[in-house]
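I sat down with this model to look up a few buried charges, salt bridges and hairpins. These are my notes, in the order I went.

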Amino acid sequence: MLLAGVALLGIAWGSALAQDPKPKHGGLMSRGDQDLSAELVVEADRLVLYVEADDKPVATMGAAGTLRRLARSRVAQQEIELAPAGDNRLSGSGVKLVRGDQVRAYVRFANGREQTFAFTYW
């Protein structure tokens, strides 16, 4: 009985250590399904989405996507296209995020896999 309790504690502790990935570019993180994660970085004139799987870059050549700022009071919904921007990046311009914005990035990779990432801009 004690051994089973110790095993369960070890599993719980291992799950606690397997936390969400940390930002590498000073942005906001979102975990997708399974192994994919994305980091949204807001630059002066564009938004950049970095995509990784198990902490390794995921190629975005041939990928396409959209980034949607969800509507809320006094802020209209807005959508921009995301295009490959080298290595594991997609980028787009034309939306200015403000504190509290809910953002969804929809990405379709060249292999047909689709993924949604959710962010809250702070």
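Before the hairpins, I fixed one term: two strands count as paired if DSSP finds at least two bridges between them. I also kept in mind that this is a predicted model.

**Entry 1: the two hairpins**

I began at the hairpin of strand 8 and strand 9, where 5 residues sit between the strands and Gly112 takes a positive phi near 95 degrees. Strand 8 covers residues 102–108 and runs antiparallel to strand 9, with 7 bridges joining them. Ala105 stands opposite Phe117 in strand 9.

Then I looked at strand 6 and strand 7, which form a hairpin with 4 residues between them. Gly86 in that turn has a positive phi of about 95 degrees. The two strands pair in the antiparallel sense over 2 bridges.

Strand 7 (residues 89–92) also pairs with strand 3 (residues 47–53), again in the antiparallel sense, over 4 bridges. I checked Leu90 from both sides: Pro84 has Leu90 as its bridge partner in strand 7, and so does Leu49.

**Entry 2: the faces of strand 9**

Which side chains of strand 9 are buried, and which are not? Gln115, Phe117 and Phe119 point to one face and are buried. Glu114, Thr116, Ala118 and Thr120 point to the other face and are not buried. I noted the general rule beside this: in a regular strand the side chains alternate between the two faces of the sheet.

**Entry 3: Glu39**

Next I went to Glu39, in strand 2 (residues 36–42). What does a buried Glu39 do without a salt bridge? The nearest side chain of opposite charge is Lys24, and it is 7.4 Å away. I found that the Glu39 side chain reaches backbone nitrogens instead: that of Gly27 at 2.8 Å and that of Gly26 at 3.1 Å. Leaving aside neighbours within four places in sequence, the contacts of Glu39 include Pro23, His25, Leu28, Tyr50 and Phe119.

**Entry 4: Arg69**

I looked at Arg69 in strand 5 (residues 64–69) as well. Is Arg69 buried or exposed? Arg69 has a relative accessible area of 10%, so it counts as buried, the limit being under 20%. The Arg69 side chain reaches the backbone oxygen of Ala76 at 3.3 Å. A polar atom of that side chain also lies 3.0 Å from the backbone oxygen of Lys96. Not counting residues up to four places away in sequence, Arg69 touches several others, among them Val75, Gln77, Leu97, Asp101 and Gln102.

**Entry 5: salt bridges**

How many salt bridges are there? I got a count of 9. Lys24 took most of my time: Lys24, Glu52 and Asp55 are linked in a network of salt bridges.

Lys24 forms one with Glu52, the closest N and O atoms being 3.1 Å apart. Lys24 lies in the loop between helix 1 (2–17) and strand 1 (28–31) and Glu52 in strand 3, so this pair ties together parts that are 28 residues apart in sequence. The side chains of Asp55 and Lys24 meet in another, at 3.0 Å from N to O. Asp55 is in the loop between strand 3 and strand 4, so the pair ties together parts that are 31 residues apart in sequence.

I compared the cover on the partners. Glu52 is buried, with a relative accessible area of 11%, while Lys24 is partly exposed at 45%.

I looked up one more pair, Asp87 and Arg89, whose closest N and O atoms are 4.0 Å apart. Asp87 is exposed at 61%, and Arg89 counts as partly exposed at 23%.

**Entry 6: positive phi outside glycine**

Asp55 turned up again here, with a positive phi near 70 degrees. Arg74, in the loop between strand 5 and strand 6, has a positive phi near 65 degrees. Arg74 is exposed at 84% relative accessibility.

**Entry 7: the whole chain**

Last, I jotted down the totals. The chain has 1 helix and 9 strands, and the helix comes ahead of the strands from the N terminus on. Buried residues make up 33% of the 122 residues. The accessible surface is about 7,700 Å², and 55% of it belongs to carbon and sulfur atoms. Of the contacts with a separation of 6 or more, 47% are between residues 24 or more positions apart.

Note on methods. Residues are numbered from 1 along each chain as its sequence is written. This is a predicted model: local features need pLDDT of at least 70, side-chain atom pairs count only at pLDDT 80 or more; totals for chains, interfaces and linings use all residues. Side-chain values use heavy atoms; hydrogens and water are left out. Buried means under 20% relative accessible area, exposed over 50%, partly exposed in between (1.4 Å probe, protein chains only). Lys and Arg count as positive and Asp and Glu as negative; His and the chain ends are not counted. A polar contact is a pair of N or O atoms within 3.5 Å; within protein, one must be able to donate a hydrogen and the other to accept it, and residues adjacent in sequence count only if both atoms are side-chain atoms. Contact means heavy atoms within 4.5 Å. Accessible areas come from the Shrake-Rupley method with a 1.4 Å probe; for residues, only the protein chains shown count as cover.
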